[in-house]
Each structure stands twice: as C-alpha cells, then as structure tokens.
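Welcome, and get your viewer ready. This tour takes you from stop to stop, telling you what to select and what you will find there.

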Amino acid sequence: MLKLDLYSRYFMALLIFIFSLILFVLTFAYHPSELIKNNTINFTKISNEQRYQHYLYFSRSERLQYREKAREMFQFGYDNYMKYAFPQDELDPIHCRGRGPDKNYNINDVLGEFSLTLIDSLDTLAVMGNVSEFRHAVQLVIDHVHFDRNSTIQVFEATIRVLGALLSAHLLIVDPLQPFGNLSIADYDNELLNLAHDLASRLLPAFENTPHGLPFPRVNLMTGIVDGSRNDTSTAGAGSLSLEFSILSRLIGDPVYERVARRAVNSLWDKRNNVTGLLGSVIDVNSGEWLGQLSGLGAGIDSFFEYLLKNYILFGDESDLQMFDDAYRSVTQYLRRGRGNCMDEDGIHPMFVNVNMHTGQLATTWIDALQASFSAVQVLRGDIDEAICLHALYYSIWRKFGVLPERFNWQIKMPDVLFYPLRPEFIESTYFLYQATKNPFYLHVGRDILDNLNAYTRVECGFATVHDVRDKTLEDRMESFFLSETCKYLFLLFDEENYLNQHGANHYIFTTEAHIIPLMAKLRKKVWDFNTMTSFSENQENEKNREIHKSEHELINVSRDLVKIEKNIVSFEKKRVNGTSCRSRPISDRHQLPLSANLLYQVDEMVGVIMPHS
C-alpha cells in the first residue's frame with residue numbers, strides 16, 4: 001500500500017510538471033515577440049550598464065598623468081618644428097623638413113612665409129606655463145617675422161591663425177595680472193600689436209570696392225592684389241573676421257577694421273532666406289548670389305554662428321546675441337532631426353543634417369568633422385543637454401575609426417571623405433563639456449583621443465595627417481592648429497589647476513583658433529565717434545561702461561541667458577547665472593553618465609561602432 005502511494009505521488013508530480021511545461025509553451029507561442037522583447041530589454045539594460053560603467057570614475061593620478069602626456073605631445077611637435085622647420089610655416093613631420101607657400105592655393109593658401117606655426121603656438125606656450133619659451137618665441141617673432149611678402153594668402157585663415165595669435169600674445173604680455181606666470185618682456189614696445197596692425201592693413205584690400213561688402217577670399221600681402229580668378233567665398237570665410245578685426249580696432253583706436261568686418265557680417269545676414277532664415281555656404285562676392293545653397297553647421301559656415309555669440313560675449317552688443325538666437329532657432333527647426341528631447345530613450349538620436357537653405361529639405365546624407373565644434377557653442381549658450389547629445393554622436397564616430405573622418409555618411413555608416421588632418425573641433429567640445437559638467441566621462445573621452453593620436457599619428461618628427469581613417473595611412477603634414485588648438489584643449493582638459501579652469505572661465509574667451517582673449521573693459525569701449533559708428537543706445541552703454549570700469553585692463557564678468565530645447569523649438573529662459581551657464585549643471589550629475597547607458601548604446605548602434613544586440 002505504501003509502495004502504491006509513492007507511485008501515485010510520482011505520477012501526480014509528473015503530471016503537474018508536464019502540465020506546467022505545456023502551459024509555458026502555449027504562452028510563449030501565443031506571445032513570442034512580447035517575451036523576447038521583454039528579455040531583450042532586461043538583458044540589454046544590464047549589459048549596457050556594464051559596458052559603460054568604467055566612464056563613471058577617473059582618478060586624480062591618471063588625470064595628472066594625461067596632463068603631462070598632453071604637454072609632452074605639444075612639446076614634441078613644437079620642438080621638432082623649431083628644429084627642422086622654423087622659420088618656415090609648417091613642419092612636414094615624416095620627412096623632418098619645413099613647408100612654405102607654393103602655387104597650390106587650394107591646399108596651401110594659409111602659408112605666407114611668416115613662421116605660421118610659431119605664431120600660432122604662442123599662447124599655448126603661455127597656457128602651459130612655459131614662460132621662458134614664450135618669451136623666446138615672442139622675440140623670434142619680433143626679430144624674424146614681417147608681412148612684406150609676395151605671398152597670396154587666404155584672408156580668413158590669416159585672420160584667425162596669425163592676427164588672432166598676435167593679439168592674444170600681446171594682451172598676455174601687457175596684462176598687469178599675469179595669471180599664467182610673468183610673461184611680461186622688458187622693453188616690450190607693442191611690437192606684436194604693431195605686427196597685427198600691419199597684417200590687417202594688408203588684408204584690407206580684399207574688402208575694397210566690393211559691391212556687397214564681402215571680402216575676396218585671397219589677397220597678395222605685398223601688392224594688395226586680390227586673387228581675381230576666385231570670386232566665391234564661404235559664409236565662414238567672409239563672416240568670421242569680426243572678432244579679431246574688432247579687437248584690433250578697439251586696441252589701436254581705428255574703426256576701419258571693425259567697420260569692414262561688421263559690414264560683411266550684416267551683408268550675409270541680410271541675404272539669408274526670408275522663409276527659413278537659413279544661410280548658404282558659398283556666395284559670390286561680386287553678385288551677392290548664393291553659389292552654395294547647402295545650409296549646415298560644418299565646413300563653410302561653422303564659425304559664422306560661433307562668432308555671433310562670441311562677439312556678444314566679448315563686446316556686449318545685444319544685436320549679436322539676437323542674430324545668434326534667431327539663427328539657432330532656424331537651425332533647430334530645419335536642420336535638427338530626431339526626437340524632440342534628446343535625453344528621452346524613445347525615438348532616433350538627434351543630429352543636425354545638411355539641408356537646402358531655401359526649402360529646408362535634406363541635401364546630403366553626411367555630416368562633417370567641423371560640425372563637432374558646435375557642442376562648444378551650445379555650451380556657451382547654456383544648452384547643455386543638446387551639446388551632450390551632439391558630442392555623443394561624434395564620440396561614437398571617433399571610437400569607430402580611432403580618429404574623425406572629414407565626412408561621415410550616417411546612412412551607410414562609413415566615411416565619405418577619408419582624411420583626418422589632426423582637427424581640434426571634437427576635442428574643443430570635449431573640453432567645454434567637461435568644464436560645464438565636471439563629468440569624468442569627458443576625461444575618458446580625452447584619454448581615448450590622446451592615446452589614439454599617439455598610436456596612429458605620431459611619427460619621427462611630429463604628428464602627421466591621417467590620409468585614410470580606415471587603414472591609418474598618413475600624409476606628411478602637421479598643420480599649425482594641431483599645436484594651437486588640439487594640444488591646448490587636451491592639456492586644459494586634464495589641467496584642472498590651470499588658471500583658465502580655476503578662475504578664468506568667466507574672464508576669457510577662446511577665438512575660433514583657440515587663442516585666448518580676456519573679457520576686458522577696454523574691449524567694451526569704442527573710442528571713435530559714436531554718432532557715426534553706433535546707435536544712441538550703444539552710445540549710452542559705452543558711456544556707462546566708461547564710468548563703471550576704472551581701468552582699461554579690468555576684467556569683467558559676463559552673464560548669459562540659458563537656452564532650453566523643447567520639441568525642436570528653441571525657447572529662451574531669462575534666467576541669469578553667475579558668470580557662465582557652465583555652472584548650471586547639478587553636482588549630482590557628475591556621478592552618473594551624461595547620457596544613459598541605453599542612449600550611449602543606441603548611438604553606438606546608429607554609427608556602427610557595435611552591431612545591434614552585440
């Protein structure tokens with residue numbers, strides 16, 4: 001009897017197991033997609049958190065180690081330039097020789113036989129605290145550089161690289177505070193400012209007798225003859241001269257430089273489409289007609305937007321801020337694709353595409369490397385979340401190739417243009433976002449950048465352009481912006497103790513070539529006839545500034561409005577912050593990823609860094 005009961009229990013247990021198994025199979029068969037979906041979400045979420053959790057911490061010792069690696073990177077390139085290339089313009093780092101101007105204007109119209117790399121590197125030496133070499137380099141510039149050269153150069157590049165560098169170094173020398181060490185030079189008699197004035201006067205013929213106030217793209221430094229074979233100029237090339245030209249005007253008290261640069265900006269602004277509010281990328285100097293109707297945030301237009309905002313920060317003219325805000329509203333409405341709130345997990349990760357300026361319709365399926373700098377502009381305007389999302393897209397592209405291709409086709413997930421000339425724009429945005437958030441994520445990004453540059457671009461005498469991001473073949477060129485911008489931003493990213501990071505964030509601005517300019521009272525003043533150069537309200541504001549600022553060297557704080565994106569519409573909150581919107585991110589956010597692990601995974605899938613569900 002006992003044996004029979006035991007068999008009965010075994011039999012009942014077996015029946016229950018079989019019944020449960022059948023029930024499970026039927027449930028799975030009835031809702032298979034739901035079960036798979038739920039499991040996938042759970043497992044993916046766990047794996048994503050594990051995949052990105054190392055970004056949550058970056059030790060102080062590693063940060064200091066990478067600060068010194070960034071310093072060594074700059075020093076290696078700079079020392080080899082001085083050894084093998086100076087006084088020529090650039091270093092060919094593979095063959096260890098110098099490079100100067102030639103007839104290939106499409107490639108070398110930035111070279112003018114004026115020791116370009118040395119001039120462009122001056123304030124990087126200062127920021128890194130190399131006082132003795134800064135003084136030595138300044139003396140070399142004073143002794144060897146002049147602009148009476150039979151060289152036809154690009155007006156835009158000469159302005160941002162050479163004119164901006166000379167103005168920055170001059171202001172560092174005469175600064176009574178000397179926050180980067182004692183950079184003052186005995187018997188200095190404004191030689192760098194005089195050189196800047198001489199250069200700008202040689203660029204002025206590009207503006208003469210142009211019916212729309214737009215400068216010709218190239219001019220001969222000796223003869224003043226413009227390059228008559230080219231009447232086309234880019235929006236950035238014609239409209240991004242105002243910062244350096246206006247600084248010069250206000251330092252020397254001559255309005256002509258600011259006047260011609262401002263006229264070019266206003267002329268371009270008046271030619272934007274009256275429906276979309278968008279500008280094109282290439283315009284005819286003589287006719288004023290748009291030759292390139294592509295509207296985007298990359299090559300040909302990028303620094304135009306940047307300088308609208310930076311002009312306002314430096315000079316305080318509300319019209320510049322209004323133009324930037326109007327432009328940003330149009331860009332957001334017509335160029336931005338993807339979900340309205342970039343921090344949501346539903347929908348496609350946002351990006352800014354290239355469109356036709358007249359219709360707003362999609363024009364290309366690529367984005368370019370220069371657009372990577374727009375995150376830094378968004379940070380300056382206070383739009384931190386959108387900056388984080390745009391930066392994440394470019395970080396995924398960087399990780400896919402180890403460097404950034406000049407153009408990336410987001411449809412086929414491969415480059416359209418293959419080279420990487422050591423550009424700084426992505427590093428610039430990484431630095432600005434770290435300053436805005438203090439999130440260790442961006443130190444990890446900087447570490448990846450620095451390690452990749454050393455692994456793929458370091459050669460015998462410097463750092464070389466990547467010819468093809470797929471196989472990492474190289475070209476024998478190290479452009480001056482590698483030392484001026486790329487190395488500077490990398491160093492500052494890891495050097496939290498630097499004056500710029502500790503005290504200078506509210507008192508300095510970076511030009512588009514990363515030259516540092518103090519936000520000083522003197523630059524808020526116009527010393528010429530206000531009635532002919534400014535409106536009545538501007539006149540009153542300048543008179544008020546005269547009373548407030550006792551010293552022309554006094555640094556000023558700039559309050560900036562915050563920007564908020566909601567459903568692709570820019571709305572502006574009149575919300576004042578102390579000095580800079582970079583301080584607006586909560587401290588608690590520093591202990592979590594800037595984007596959720598799921599969103600980072602989504603961007604990696606979108607770019608093709610990882611295969612779906614890997």
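How many residues does helix H19 have, and what distance does it reach from its first C-alpha to its last? Select residues 481-494 to find out: helix H19 has 14 residues and reaches 19 Å, close to the 20 Å expected at 1.5 Å a residue. Keep in mind as you look that this is a predicted model. Now centre the view on Cys-487, where H19 has a kink of about 25°. Then switch on the surroundings of the helix: H19 is mostly covered, with 14 of its 14 residues buried.

**Into the core**

Next, select Phe-305 and Tyr-420. In the largest nonpolar core, which has 181 residues, these two touch the most other members. Helix H8, residues 155-174, gives this core its largest share, 13 residues. Stay with Phe-305 for a moment and show what surrounds it. Beyond its neighbours within four places in sequence, Phe-305 is in contact with Leu-279, Gly-296, Leu-297, Phe-324, Ala-327, Val-331 and Phe-374.

Two of those contacts lead to the next stop, since Leu-297 and Val-331 are also in contact with Phe-352. Select Phe-352, which you will find in strand S10, residues 351-352. Is Phe-352 buried or exposed? It is buried, with a relative accessible area of 3%. Leaving aside neighbours within four places in sequence, its other contacts include Thr-332, Leu-335, Arg-336, Ile-367 and Glu-386. For a distance to try in the viewer, pick the C-alpha atoms of Phe-352 and Gly-338: they are 14 residues apart along the chain and separated by 8.9 Å.

**A sheet with a helix across it**

Now colour strands S12, S13 and S14. These three strands form an open sheet in the order S12-S13-S14, with antiparallel pairing. S12 (366-368) and S14 are the edge strands, each pairing on one side only. From one strand to the next, the twist averages 35°. Add helix H16, residues 384-401, and you will see that H16 lies across S12, S13 and S14, running at about 90° to S12.

Zoom in on S13 (residues 407-409) and S14 (residues 414-417), which are joined by three bridges. One pair to pick out is Phe-408 and its bridge partner in S14, Pro-415. The hairpin of these strands has four residues between them. Select Lys-413 in this loop; its phi is near 65°, a positive value in a residue other than glycine. Lys-413 is partly exposed, with a relative accessible area of 30%.

**Two more unusual spots**

Most residues other than glycine have a negative phi, and most peptide bonds are trans. With that in mind, jump to Asp-187, in the loop between H8 and helix H9 (191-203). Asp-187 is not a glycine, yet it has a positive phi of about 65°. Show the surface here too: Asp-187 is exposed, with a relative accessible area of 74%.

For the last stop, which kind of peptide bond joins Phe-86 and Pro-87? Select both residues and look along the backbone: the bond is cis, with omega about 15°. Pro-87 lies in the loop between helix H3 (60-84) and strand S1 (90-92).

Methods. Residues are numbered from 1 along each chain as its sequence is written. This is a predicted model: local features need pLDDT of at least 70, side-chain atom pairs count only at pLDDT 80 or more; totals for chains, interfaces and linings use all residues. Side-chain values use heavy atoms; hydrogens and water are left out. A nonpolar core is a set of buried Ala, Val, Leu, Ile, Met, Phe, Trp, Tyr and Cys residues joined through side-chain atoms within 4.5 Å. Buried means under 20% relative accessible area, exposed over 50%, partly exposed in between (1.4 Å probe, protein chains only). Helices (H or I, at least four residues) and strands (E, at least two) are DSSP runs, numbered from the N terminus. Contact means heavy atoms within 4.5 Å. Two strands pair if DSSP finds at least two bridges between them. Axes are lines fitted to C-alpha atoms, for helices over the stretch in contact, and angles run from 0 to 180 degrees between N-to-C directions. The expected span of a helix is 1.5 Å times one less than its number of residues. The bend at a residue is the angle between axes fitted to the seven residues ending there and the seven starting there.
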